[in-house]
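Got your viewer open? Load the model below and keep the selection tool handy.

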Amino acid sequence: AWYIGLWDSLPLLRDPMILILLSLISFLPVFFLFIFLGVEQALPALVGAVVLSLAFVGMGVAQSVYFNKHWFRFQDVLVASPVTPLSYALGLALSTLIASSPALLLSFAILLISHPVGPLALLAVVAVALLMWLAMVFIGYVIGLTTKNTRRANSIPQVLGFLLGFLPPVYYPLEMLPPFLRPIAMLVPSTHAAQLAKNYFGLLNSPLPASEVIIGWAYLAGFVALMAALTLRKARWVDP
């Protein structure tokens, strides 16, 4: 899994500018909020960048799965070798962590310097980001395994990233949405992830009630389990 992860992230390791570009995707809204609205509005958005940095690259697994299977035929080589399907899946997931590590380290450094929190709160935010990452990795696997078109393998993750990352209240407060739209926004897993992370950093206008915190964790865990079940149903290590 380790070597497959390094192999899949080789283009990023050879050209670090790609890592900077990937980081900018999630940081651009934070930068504009900082310029126009100041630090107080930019810090909650930075928490959103933490959540989405992993989510964006997680869905990028779709491209690796598709191209390794249909374009490079690399999966056929692994099928004929002692590599197990689990090692292959873990390796591709590991490559996304390598790709998102600069953005995550920078985000956490700025947040902890600007708004220090205890170790338990920090671990909770990391757990929220990892749950979001797992869900997006599973979605990426499903896209990569089911699509037969190169353009769709490239475009669907980007469209989903926009729908799951920029439209829901991740960078902006949930209270900015009209009341009738808030229940719809809460159906999106990234909304729960952002609300939980902002709550643990103390960046919400009022702390979340204990019931909403439990619902948020349960929703994220259930969404991850659903995506994992869908991936297991669609995944085929050897084509029939």
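Here is a short tour of this predicted model, stop by stop.

**Stop 1: helix 5**

Select residues 61-71, which make up helix 5. How many of the eleven residues here are buried? Eight are, so helix 5 is largely enclosed by the rest of the structure. To see which ones, colour Val61, Ala62, Ser64, Val65, Tyr66, Phe67, Asn68 and Lys69. Now bring up what surrounds them: these buried residues pack against helix 1 (2-8), helix 4, helix 6 (74-79), helix 7 (85-114), helix 8 (119-146) and helix 9 (150-166). Before leaving, step just past the end of helix 5 to arginine 73, where phi is positive, at about 60°.

**Stop 2: helix 4**

Next, pick residues 39-59, helix 4, and click on glutamate 40. Buried or exposed? Glutamate 40 counts as exposed because its relative accessible area is 63%, and the cut-off for that is over 50%. If you like, draw a distance from its C-alpha to that of proline 119: the two are 79 residues apart along the chain and 22 Å apart in space.

**Stop 3: the nonpolar patch**

Switch to a surface view and select Leu28, Phe31, Phe32, Phe34, Ile35, Phe36, Leu37 and Val39. Together they form a nonpolar surface patch with about 840 Å² of accessible area. Helix 3 (residues 16-37) supplies the largest share, seven residues. One to zoom in on is phenylalanine 32, also in helix 3; at 45% relative accessible area, this side chain's residue is partly exposed.

**Stop 4: helix 11**

Go on to residues 189-200, helix 11, and show lysine 198. What does a buried lysine have for a partner here? Lysine 198 has no salt bridge, and the nearest side chain of opposite charge, glutamate 175, sits 7.5 Å away. Display its contacts beyond four places in sequence and you get Pro44, Val47, Pro169, Val170, Tyr171, Tyr172, Leu203 and Leu204.

Stay in helix 11 for threonine 191. Threonine 191 counts as buried because its relative accessibility is 0%, where the limit is under 20%. Apart from neighbours within four places, threonine 191 touches Pro168, Pro169, Leu174, Ala185 and Met186. Pro169 thus turns up in the contact lists of both lysine 198 and threonine 191.

**Stop 5: the positive patch**

Finish back on the surface with Lys148, Arg233, Lys234 and Arg236, which form a positive patch. Of these, arginine 236 is in the segment after helix 12 (210-234).

Technical notes: Residues numbered from 1 in each chain as written. Predicted model: local features only at pLDDT ≥ 70, side-chain atom pairs only at ≥ 80, totals over all residues. Heavy atoms only, no water. Patch = residues over 30% accessible without salt bridge, like charges linked within 9 Å, V, L, I, M, F, W, Y side chains within 5 Å. Areas by Shrake-Rupley, 256 points an atom, 1.4 Å probe, with all protein chains shown as cover. Salt bridge = Lys/Arg side-chain N within 4 Å of Asp/Glu carboxyl O. Helix = DSSP H or I, 4+ residues; strand = E, 2+ residues; numbered from the N terminus. Buried < 20%, exposed > 50% of the residue type's maximum accessible area, 1.4 Å probe, protein only. Lys, Arg positive; Asp, Glu negative; His and termini not counted. Contact = heavy atoms within 4.5 Å. Charge placed at Lys NZ, Arg CZ, Asp CG, Glu CD.
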